[in-house]
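Q: I'm new to this one, so please pick a single part of it and take a close look with me. Start with one small detail, then work outwards until I can see how that part sits in the whole thing.

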Amino acid sequence: MTSLKINGRLFTLDADPRMPLLWALRDLMGLTGTKYGCGAGLCGACTVHVDGEPMRACLTSIQSLEGKSVTTIEGLADDKLKDSWRRHKVPQCGFCQAGQLMSAAALVSKHPAPSDSQIDEAMAGNICRCGTYTRIRAAIKDYQGKQEAKS
């Protein structure tokens, strides 16, 4: 039995402790927002936060997460970032967007006004097959402007 804290709730799973978090989320918990992309941690579609840090759920075993807090796209509370994503029409097919949003949320939590190079570095591990990279950058910059206006 493995205990996991997902989106603020405690779950006890009867599963192989080596099971990747991605499959536990999707198959055992019904949290299907986190997507399978490559299974090798290269595309970013399965990005979640572990104690606030972006991690690839396809490579992270559930046993490695005991005592840690996991946030999935379903638990992402940053509505301003999601609104910015919609305003800039970032999603096309939508497949990569959960991972893109999770990486962007981790970025802006550390750097509320990220530079272009910080955006490039934070988002480099996320592949968008539709090529909406300029929209992603615009959405992050727009979010940054909303945060600055709030101050």
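A: Let's start at a turn. In the hairpin made by E3 and E4, the strands have 2 residues between them, and Asp51 takes a positive phi near 50° there. Keep in mind that what you're looking at is a predicted model.

Now step back onto the two strands on either side of that turn. E3 covers residues 47-50, and E4 covers residues 53-56. They run antiparallel and are joined by 4 bridges. To find one of the facing pairs, look for Val48, which stands opposite Met55 in E4.

E3 has a partner on its other side, too. Strand E5, residues 69-71, also runs antiparallel to E3, this time with 2 bridges joining them. Here His49 is the residue to look for, since Thr71 in E5 stands opposite His49. If you're wondering what holds such neighbours together, strands of a sheet pair through backbone hydrogen bonds, in either the parallel or the antiparallel sense.

What about the two faces of E3? Both are covered. Thr47 and His49 point to one side, Val48 and Val50 to the other, and all four are buried. Buried here means under 20% relative accessible area.

Let's widen the view to the sheet that E3 belongs to. It's an open sheet of 5 strands, ordered E2-E1-E5-E3-E4, and its pairing is mixed. E2 and E4 are the edge strands, each pairing on one side only. On average, neighbouring strands are turned by 40° against each other, if you ignore direction. The parallel sense shows up between E1 and E5, which pair over 2 bridges. In that pairing, Lys5 stands opposite Ser69 in E5.

Next, look at which helices lie against these strands. H1 packs on the sheet and touches E1, E2, E3 and E5, with its direction at about 80° to that of E1. H3 lies across E3, E4 and E5, and runs at about 35° to E3. E3 therefore appears in the list of strands touched by H1 as well as among those that H3 lies across, bearing in mind that contact means heavy atoms within 4.5 Å.

E3 also has a share in a core. The largest nonpolar core has 19 residues, and those with the most contacts inside it are Ile6 and Leu21. Strands E1, E2 and E3, together with helix H1, each give two or more residues to this core, and H1 gives the most, with 4. Have a look around Ile6: apart from its close sequence neighbours, Ile6 is in contact with residues including Phe11, Leu21, Leu25 and Val70. There's also a second, separate core of 18 residues, with Met102, Ala105, Ile119 and Ala139 among them.

A couple of loops are worth a visit while we're here. Between E4 and E5 you'll find Ser61. Ser61 counts as buried because its relative accessible area is 15%. Leaving out residues up to four places away in sequence, Ser61 touches Pro17, Arg18, Met19 and Pro20.

Remember the positive phi at Asp51? Asn7, in the loop between E1 and E2, has a positive phi of about 50° as well, although it isn't a glycine. Asn7 is partly exposed, with a relative accessible area of 27%. Lys89 is another non-glycine with a positive phi of about 50°, and its place is the loop between helices H2 and H3. Lys89 has a relative accessible area of 57%, so it counts as exposed.

Finally, zoom all the way out. The protein chain has 5 helices and 5 strands, running β-β-α-β-β-β-α-α-α-α from the N terminus on. Its radius of gyration is 15 Å, close to the 15 Å that the globule rule gives for 151 residues, so the chain is as compact as a globular protein of that length. The C-alpha trace spans about 45 × 35 × 25 Å along its principal axes. Of the 151 residues, 44% count as buried, and the four we saw in E3 are buried too. Among contacts with a separation of 6 or more, 58% come from residues 24 or more positions apart. As for the outside, the accessible surface comes to about 7,600 Å², and 51% of it belongs to carbon and sulfur atoms.

Key
Residues numbered from 1 in each chain as written. Predicted model: local features only at pLDDT ≥ 70, side-chain atom pairs only at ≥ 80, totals over all residues. Heavy atoms only, no water. Core = buried A, V, L, I, M, F, W, Y, C linked by side-chain atoms within 4.5 Å. Buried < 20%, exposed > 50% of the residue type's maximum accessible area, 1.4 Å probe, protein only. Pairing = 2+ DSSP bridges. Rg over C-alpha atoms; globule rule 2.2 N^0.38 Å. Areas by Shrake-Rupley, 256 points an atom, 1.4 Å probe, with all protein chains shown as cover. Axes fitted to C-alpha atoms, helices over the stretch in contact; angles between N-to-C directions.
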